Amino acid sequence: MVCMVSRSGRELQRYNSSGGRQVVGCIPYRYKEDIDGNVSNELEVLVVSSQKGQALMFPKGGWELDESVEEAACRESLEEAGVTGIIQHELGQWNFISKRHGIYYEGHMFPLLVKEQLELWPEKDLRRRIWMNVAEAREVCQHWWMKEALDILVKRLTLQQNKNI
């Protein structure tokens, strides 16, 4: 059973030593399938719109005290994008300035190999989700640090594919 309500409030929010929020996100990805269900090597990633506008990015949100960083990443992907899957090794950690508050936030990003895409999810009425290729996602993503995480993911997956050849 999947929880169909997003967490809200900041009571359990984690903060870094300078008072900035600690946020966690995922890059949901899959390999494109043809009409017959054959999987290709073409990578697709899932972006979501921001709650308050049309900006596109990867699912991310606050890391809370009662969850691991991986649990937070999976929760955000479920809440914002309606996908579940296999969380993989962290892509990295970035410090970036919050546009709203002008202080440094700490962002962690993970790859999420998507295994299920839900028809109903907590923020379905608040966000759009769009599968696109890596070049398109890199172009439309609003955050430099998420673009860097995407580059790391692509490099990691390319290295894995080359090992399997």
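Author: Let's start with a definition: a disulfide is a pair of cysteine sulfur atoms within 2.5 Å. This is a predicted model, where local features need pLDDT of at least 70, side-chain atom pairs count only at pLDDT 80 or more, and totals for chains, interfaces and linings use all residues. Residues are numbered from 1 along each chain as its sequence is written, and side-chain values use heavy atoms, leaving out hydrogens and water.

Reader: How many disulfides does a search of the whole structure find?

Author: The search finds 0.

Reader: Why is there no bond between the sulfur of Cys26 and the closest cysteine sulfur?

Author: The closest one belongs to Cys74 and lies 5.6 Å away, which is too far for a bond because the limit is 2.5 Å. For Cys141, the closest cysteine sulfur is that of Cys26, at 14 Å, so that pair is too far for a bond as well.

Reader: Is Cys26 buried or exposed, and how do you know?

Author: Buried means under 20% relative accessible area, exposed means over 50%, and partly exposed is in between (1.4 Å probe, protein chains only). Cys26 has 0%, so Cys26 is buried. Cys141, at 4%, also counts as buried.

Reader: What makes Tyr29 and Tyr31 an aromatic pair, and which kind is it?

Author: Rings of Phe, Tyr and Trp (its six-membered ring) pair if their centres lie within 6.5 Å; planes under 30 degrees apart count as stacked, over 60 as edge-to-face and the rest as tilted. The structure holds 4 such pairs. In the pair of Tyr29 and Tyr31, the centres are 6.1 Å apart and the planes meet at 90°, so the pair is edge-to-face. Tyr29 is buried at 2%, while Tyr31 is partly exposed at 22%.

Reader: Why is the pair of Phe96 and Trp145 called stacked?

Author: The angle between their planes is 10°, under the limit of 30 degrees, and their centres are 4.5 Å apart, so the pair counts as stacked. Phe96 lies in strand β6 (residues 92-97) and Trp145 in helix α3 (residues 144-164), so the pair ties together parts 49 residues apart in sequence. Here helices (H or I, at least four residues) and strands (E, at least two) are DSSP runs, numbered from the N terminus. Phe96 is buried at 10%, and Trp145 is buried at 1%.

Reader: What makes you say that the charged end of Arg30 sits over the ring of Trp131?

Author: A charge sits over a ring if NZ of Lys or CZ of Arg is within 6 Å of the ring centre and within 35 degrees of the ring normal. The charged end of Arg30 is 3.8 Å from the centre of the Trp131 ring and sits over that ring.
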